[in-house]
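User: Please take a close look at one part of this model for me. I want the domain layout of a single chain and the contacts that go with it.

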There are 2 protein chains.
Amino acid sequence: MDKSKKIVLTGDRPSGALHLGHYLGSLKSRLELQGTCEQLIMIADAQALTDNASNPEKVRQNVLEVACDYLAVGLDPKQNIFFIQSLVPELFELTLYYLNLVTWNRLKHNPTVKQEITQKNFGESVPAGFMTYPISQAADISAFKANCVPVGQDQMPMIEQTNEIVRKFNTTYNCNVLVKAEGMITKFSRLPGIDGDAKMSKSLGNCVYLGEEAASLKKKIRKIPGDPNHTEINAPGDPDNALSFTYLRAFCQDKQKLEELETHYRKGGLGDGTVKQYLLEVLEEFLSPIRKRRAEFASDPAQVMRILKEGSLRAREKAAATLSEVRAAMHLNY
Amino acid sequence: MDKSKKIVLTGDRPSGALHLGHYLGSLKSRLELQGTCEQLIMIADAQALTDNASNPEKVRQNVLEVACDYLAVGLDPKQNIFFIQSLVPELFELTLYYLNLVTWNRLKHNPTVKQEITQKNFGESVPAGFMTYPISQAADISAFKANCVPVGQDQMPMIEQTNEIVRKFNTTYNCNVLVKAEGMITKFSRLPGIDGDAKMSKSLGNCVYLGEEAASLKKKIRKIPGDPNHTEINAPGDPDNALSFTYLRAFCQDKQKLEELETHYRKGGLGDGTVKQYLLEVLEEFLSPIRKRRAEFASDPAQVMRILKEGSLRAREKAAATLSEVRAAMHLNY
């Protein structure tokens, strides 16, 4: 094994089809990493069940949706390992062993989990599996000896928890089996929703999906707000206050044209309708090949599932090798 | 499948060799059940690690010790399924799924766990795996669709927790996959230690082990206290206050002789030394064949491990069948 090799673990909870926010926040960087390292991309069905226990059909359907999105944007199953979390049962066993290395109190004080509990309005009914999911993530990461995990700033406590477990395991069992991971902070800033909310999110209903149809895209773009102070065409506007420009900055390839538009908007005389028309062209150009490929994959779910199962077998081999070392370190190699 | 068939799950944490207290409390009833039902006997190595994470070699060694004890008392691997918990990884996966069906608060309020936390002096450092072990037990029981679980009165909350999960699972996933279990309260009362402590326990150092050597047995019996009010031979004594009689009542087959001794002790004129000498004969007769068989098995650990591995494969088949139904109910049957 090449010890210096970068091993990346990344993935998504299958809670819905992916949108432009996902593209900027993670898919784009996965495309950049593709081919430069060993990249494992996990569809975390078991983790999605921690707060969707009573909605398993939704989780299952979204496993396929997410996989279609991966394939549609150009993530290649030959250059990456796509896998379904629950098809790698070694992850469950590792999770149970790691649970013994973390105190109950430590779990209670995980800042990411605390924040999510508030967001999800669990009240007094937090599922135990939700409280323990950082341990499950530590299993996901360490099973593949991933040394690089792309995360948002708010997820850094998850990497810290993983590395605490790695240290505790290696110390407790006097070995070097597990490998520390580094969080790779996402360099893209969060994409706002089409309603101007700070976050594009399925639950807020303010998304442009990667598979968005042309007609629906048009409707959505038409609705997005301009600079609220830009009340008439000839008045000067501020691109920093106009959502269209935020999107253009993220997706427009013609940087010169974008600069001209921004200057014009600042000076006055450029209507929001014109900017949005251009944004529509840019997004349509970006989304149309993705939409086409996505439809092809979506029309053949059996093929998509085959790809996921093949990847899951490859992931399983790797996790089984780590588990075998873990069991030996724990004297469980009967 | 015969729907009326009794399926029993029982077992031990491998925390030490078994003693007379284990014989009375569980092994004896397992011998009675042997052949009348499907009895699965689990050596809970993974559960032992929940509070022995840093002492894995002790756990591993005790897996063999406990298995030798089973075989020595006459539990037959053909009539029962002996298995090692961690060799049935389906149990880990079930545990993780069940964690989503139990609230964090519910776990905190399990009376058995609360009591054990105090006993074990965990303070603020309760391992998360210890808090979640009732869920792991629910997986052990339900994986085999066990409908009968021998327990002490203090463990009834574990059965209740299991049945809560069974109900919640079947309701959530609209199925009848999991089966309710009944606790079978042990009919034998707890055997006191040779120092008179209410409980014979390895950690209290007051045990007579099933493999106890004759010389060491003699020494231990000599030390056990008589009725403290029976200060001289001719004074009347109370058998209810003399530990030798407690042991004789449990192990002496000659009930008539025992009654005569009790009457004599009450009247006065029977010395504690004489009672203990008889107890020694009774225990030596009971333990000598067990000791002999135990030594034979202990001299061939490879054979014992073979028995455990064969049993674990049989147990795995059963657990895998249940897991497959569980996954189908959860729409995870990709």
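Which domains does the domain assignment of chain A give?

Analyst: A caution before the layout: this is a predicted model. The assignment splits chain A into domain 1 (7-191 + 300-329) and domain 2 (202-295). Domain 1 is thus written as two segments, 7-191 and 300-329. The C-alpha centres of domain 1 and domain 2 of chain A are 33 Å apart.

Now the contact between these domains. Domain 1 of chain A brings 15 residues to it, and domain 2 of chain A brings 10 residues. On the domain 1 side, α1 (20-33) and α3 (56-73) of chain A are the elements that give two or more residues. The largest share of that side is five residues, and α3(A) supplies it. By residue class, the domain 1 side holds 10 nonpolar, four polar and one charged.

Next, the contact between the chains. Chain A gives 42 residues and chain B gives 42 residues. On the chain B side, six elements each supply at least two residues: α2 (45-49), α3 (56-73), α4 (90-99), α5 (104-108), α7 (128-131) and α14 (301-329) of chain B. The largest share there is five residues, from α4(B). The chain B side divides into 24 nonpolar, 12 polar and six charged residues.

To recap by element: α3(A) leads on the domain 1 side that touches domain 2 of chain A, and α4(B) leads on the side of chain B that touches chain A.

Technical notes: Residues are numbered from 1 along each chain as its sequence is written. Chains are lettered from A and ligands numbered from 1 in the order in which they are written. This is a predicted model: local features need pLDDT of at least 70, side-chain atom pairs count only at pLDDT 80 or more; totals for chains, interfaces and linings use all residues. Two residues are in contact if their C-beta atoms, placed from the backbone, lie within 7 Å. Helices (H or I, at least four residues) and strands (E, at least two) are DSSP runs, numbered from the N terminus. Ala, Val, Leu, Ile, Met, Phe, Trp, Tyr, Cys and Pro count as nonpolar, Asp, Glu, Lys and Arg as charged, and the others, Gly among them, as polar. Domain bounds come from an automatic or database domain assignment.
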